[in-house]
Amino acid sequence: MRDVEHDEILGRAFDRRLVGRLARIARPHHRLIAAAGVLFPLIAAFELVQPFLVKIAIDDHILRADWAGLTGVAALFLAALAVLAILRAVESYLMNLTGQRVMHDLRAAIFRHLLRLDAAFYDRYAVGRLMTRVLNDVEAVNEAFTSGLFAVIGDIVTLVAVVGAMLWLDWRLALVTFSLVPVLAAVAAWFRVRARDAYREVRRRLARLNAFLQESIQGMTVIQLFAREAHEHRAFRRLNADYRRMLFRSTIWEASLYASVEALGSAALAVLLWYGARQIAAEALTFGTLVAFIQYTTRFFLPIRDLGAKYTVMQAAMASAERIFELLDVVPAVQAPPATSRPAPTNAAAVEFSSVWFAYEDERWVLRDCRFAVQRGEHVAIVGATGEGKTTCARLLNRFYDVARGRVLLEGMDVREWDLAALRRHVGVIFQDTVLFTGSVESNLQLGLDGRVTRPDLDRAIDAAHCRRLVETLPRGLGEELLERGANLSHGQRQLLAIARALVYNPAVLVLDEATSSVDPESEALIRRALARLVEGRTTITIAHRLSTVQSADRILVLHRGRVHEEGRHADLLRAGGLYARLWEISARTQQG
Amino acid sequence: MAAAGLGPAARALSRYLSRYRARYARGIACLLTATASSLAIPWAVQRAIEALEADTARAAIGRYVGLVLLLAATNGIARLGSRFSIMGGAQRIEHDLRNDLYAALQRFPPAEIARRTTGDLMTRATSDASAVRSLVGFGAVSFIGTIAAFVGALTAMVSVDPWLTLWAMAPYPILIVVAKRANARIHAQTDAAQHQLGVLSSTVQEHLAGMSVVRAYTMEEHAARVFDAANGEYLVRSLRLARTMAAFVPLTGAITGVGALIVLWLGGREVIAGRLSLGALVAFNGYLAYLAWPTLALGWTLALLRRGLTSMARVQEIIDGAPPREATADGETAPRSATAPRIGFENLTFAYDDRGPALRDVTFEIRPGETVAVVGPTGSGKSTLGALLARLWEPPPGTVFLDGRDVRTLPLRALRGTIGYVPQEAFLFSRSVSDNVSLEREALDAARVRDAAVASGVAEEIEGFPRGWQTVVGERGLTLSGGQRQRVALARALAGDPSLIVLDDVFASVDAAKEDEILRQLRPRLAGRTVLLMTHRLHAAQAADRIVVLVDGRVVQQGTHDELLRADGAYAQLWRIQQLEAEIAGA
């Protein structure tokens, strides 16, 4: 809801800091922008040529009965039209090209930035909101370039050119025409301010209406259970009517603005006619000039009228730009150290948690003084009740999050000193939920390694993970295209592919976050055998959610209250009759039930 | 979207339009007046120039100047009138549409709302409703305006010189042909770009959602490459569209310009030959210029109309799709059961739309004033029982009874007025705590609100907030803990003094000790009421008069706590597991 309001209310149309940053993003395309800058005056000039040609046609040819000369002017007119069309086409394309390229770059910059952000960031921001930044906000910024900035520059250039042309043709008549400009400016400003205030109020009421609606949708069960339908509907009707009233008010100002500008345009025409006629009578003015002036007047009033509308576009664009930069300014909490070092070969444990404290928020500790070590080649299982921080251990090991206190050591070196990519190449994780991506089976098996995996390696992994049959049943084998999240595979098939993927990745240390949802018995057996191959001889930490699979581990750690409470082999722990024995009994009974 | 598919939407829209036909009639009359008066301005200028031509020195220009001013004023006022009438009407239609949509949403069962997602429903109520407004507002103004402009300008032009009109219109057939071809191309290229935007969007979505794997498998570079490919392709397609537009839009401008050129050239010859006055030529040019904008805007207007109808269809889908409202559900005072009712479930089998049965052949009874606990693991169908009792889902006929009457035959309002229902997820509105408890029910004064909060064990905490009962909660206010929210929801149910209380796993977010405490405080309040307590914690069920054990939607055991423990079945098994869990938690 807060988001809705935040997104709806507009701020300033021009913020120097934001414009500066936008300019920096547009800098690679400065040639395009410069080209557009050259085109604007050219276009304005060619637009003004037409009324001038009409003047020449009337004064020099029509009134002098010179049909041949008129044909010549007509030919010039045609040429001017053609050149103008070409110039406009080039301008339109250049503007779009610039806008689209800037958007392309901006999207890429945001996406790359998102790739660098840490897990804690993603805990705070819903994917939907981030999507809005990458897609909608970028689009709004493009509007700032094409409909806003470029259009405003174009309008101003046109305005200046019209003024120049009129002054050049007949400065007295021009001044007479301009006599209405102060009135126009005053009227436009007066209405514009009101329209803008009303519009801002419209947005605020719309935000309130939407917030109410969203809450109603989410709380509909409560509304229905307590039979508050009529009451809530009354409240909604009030907000809805409020919004409509304000919307109408903004329409009044907006329409009045348009109508008064148009009326002033006609008034200018009347003034022209009145003064022009007297000048013509005094032979100080030609018919052609008068007609040209009539045409110039229209072109003069339109840009003044439209400047206001562009203001709103710019406001929306600035708000979007601000949100985008806010996102780009988020500093990743987890970063690779400036100078990366490789661990010196030591006899240290493969993994060691040394007095680790960690909390996702504030001081609600998930791990408190957690200590354990995993020797090279050892297979350790971590068990414990839900919420005891088992999965957290895995997340700390490959630096999805950083510890609050203590150290996590990998091959004797603090994970914070490892190069981030090297660390994550060293530690492989199989997640509870198997995530597959759109693309071929093969690209899903290679992921970050594409191109660097040889075919025999791939084949070996597929065989070891018992994926051969699966791959062969797919119509296009390894080339089979997977749908989003692997939706065209069964749950078990997805898990097998995830195991094969880990085998391809071939990490020195494997973290296996056991899948909690069960699959059919046949897949289960295959998965178990595949896992056995994966674990074989590899330093492995299994995060066990079901105890049935931990018996084969070399050692079992029982996490309780954020630290290791018991540890040992399955049989020893069972005999000790502590927490593990109770967990084991629960597990056994749950499976019976 | 095929035109046939939008027929129903157009019909539905015409029903709304007919409510405001007087407004629209006024608006159209104003629009026609405005068009006529603005077309009369070139005519007045023509007459002025003709007068000047005829007798430069003594022409009565003042008359024409006055006429132009009068016409300008008429045009301005009429245009304002048309905007106010038609835009105002459109805003009213949007308003009505939104009200109807809201009313429809209130009739949907909650699960149906969840299935459609908040985002989708919001889109329909906001951007679709405003697209309909654009259709009957701006769209209508510019559509009618375009027609009026063409009819008016053509008439005026023909009255000046039919032949010249024909010549001036000569480029228009070319324009139509070009526009048709360009539109087809623009349409195809827009689709292609939109499709690629969809691809780009799902690429982003997919990688953001799967970020843990992206990180863990160091596939950032790979993801960036995949993204770049999609992003690049989108750029290519957008530019393809931009090229077509860049070629087409100036071309239309040029073609309209050719009309003006022909008028100048051929019209000039007429003037030279003395068959046409200079004033008429200038006026003719004025009329032609008047057509330039409607011509350019025509494509845009048509797109607006199409988009508006599509949106109308989407809004209508919700309004028509809502179950009809029961006449009785709306009455402010419906009879409700004042004494503790008897509840019966008889051979109840129920399945949600697309899944297997959630409940199978469930039969049990709750006697008046009795507390029955339904226990079972997550997913055993406990919540479904409560939802069917309150008719959040419609139960099959003859399966759920309140005081011997099939709940389906009871007025919704009476049924729900009888039940104090506390759902699993405590939902609070972004309002004051006090309003959240009372839900602004007329009969609830501050004393009763406080009383209910005391019984729910949350009053003390609320009074400890700086703003006490007026504390606004939720996203724009104070964030309450899960347990606090749950107890506010409990107070909300108790405040209505219901004779039947349904508690759906309400204590999931408080610890066992707090649960004990709340239940202890609650017990006197529950006396004399019928209580259905659904819970996965057996500890809370222990004190119930009777316990029903549900496994996979089936009743597997029934009895008191002691009986069930002795029976050594599913209940005893669950009990043992929960004992062990309690031991672990306490270790």
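**Exercise 1. Which residue stands opposite Phe401(B) in E5(B)?**

Solution. This is a predicted model, in which local features need pLDDT of at least 70, side-chain atom pairs count only at pLDDT 80 or more, and totals for chains, interfaces and linings use all residues. Residues are numbered from 1 along each chain as its sequence is written, and chains are lettered from A and ligands numbered from 1 in the order in which they are written.

Step 1. Strands (E, at least two residues) and helices (H or I, at least four) are DSSP runs, numbered from the N terminus. Strand E4 of chain B covers residues 400-402 and is joined to E5(B) by 2 antiparallel bridges; two strands pair if DSSP finds at least two bridges between them.

Step 2. Opposite Phe401(B) in E5(B) stands Asp406(B).

Step 3. The open sheet has 4 strands in the order E2-E1-E4-E5 (chain B), paired antiparallel. Its edge strands, each pairing on one side only, are E2 (357-366) and E5 (405-406) of chain B.

**Exercise 2. Determine whether the residues of strand E3 of chain B are buried or exposed, and identify its partners.**

Solution. Step 1. A residue is buried if 20 or more other C-beta atoms lie within 10 Å of its own, exposed if 12 or fewer, and partly exposed in between, with C-beta atoms placed from the backbone. In strand E3 (residues 371-375) of chain B, 5 of the 5 residues are buried.

Step 2. One side of E3(B) carries Thr371(B), Ala373(B) and Val375(B), the other Val372(B) and Val374(B), and all are buried.

Step 3. E3(B) pairs in the parallel sense with strand E8 (residues 530-535) of chain B over 5 bridges, where Val374(B) stands opposite Met534(B). Strand E9 (residues 546-551) of chain B also runs parallel to E3(B), joined by 4 bridges; there Arg546(B) is the bridge partner of Val372(B).

**Exercise 3. Describe the contact between chains A and B, and place Met122(B) in it.**

Solution. Step 1. Two residues are in contact if their C-beta atoms, placed from the backbone, lie within 7 Å. The contact takes 112 residues from chain B and 110 residues from chain A.

Step 2. On the chain B side, helix H9 (residues 220-272) gives the most, with 30 residues. That side divides into 67 nonpolar residues (Ala, Val, Leu, Ile, Met, Phe, Trp, Tyr, Cys and Pro), 20 charged (Asp, Glu, Lys and Arg) and 25 polar (the others, Gly among them).

Step 3. Met122(B) lies in helix H5 (residues 118-160) of chain B. Because 16 other C-beta atoms lie within 10 Å, Met122(B) is partly exposed. Met122(B) touches Asn210(A), Leu213(A) and Gln214(A), not counting residues up to four places away in sequence.
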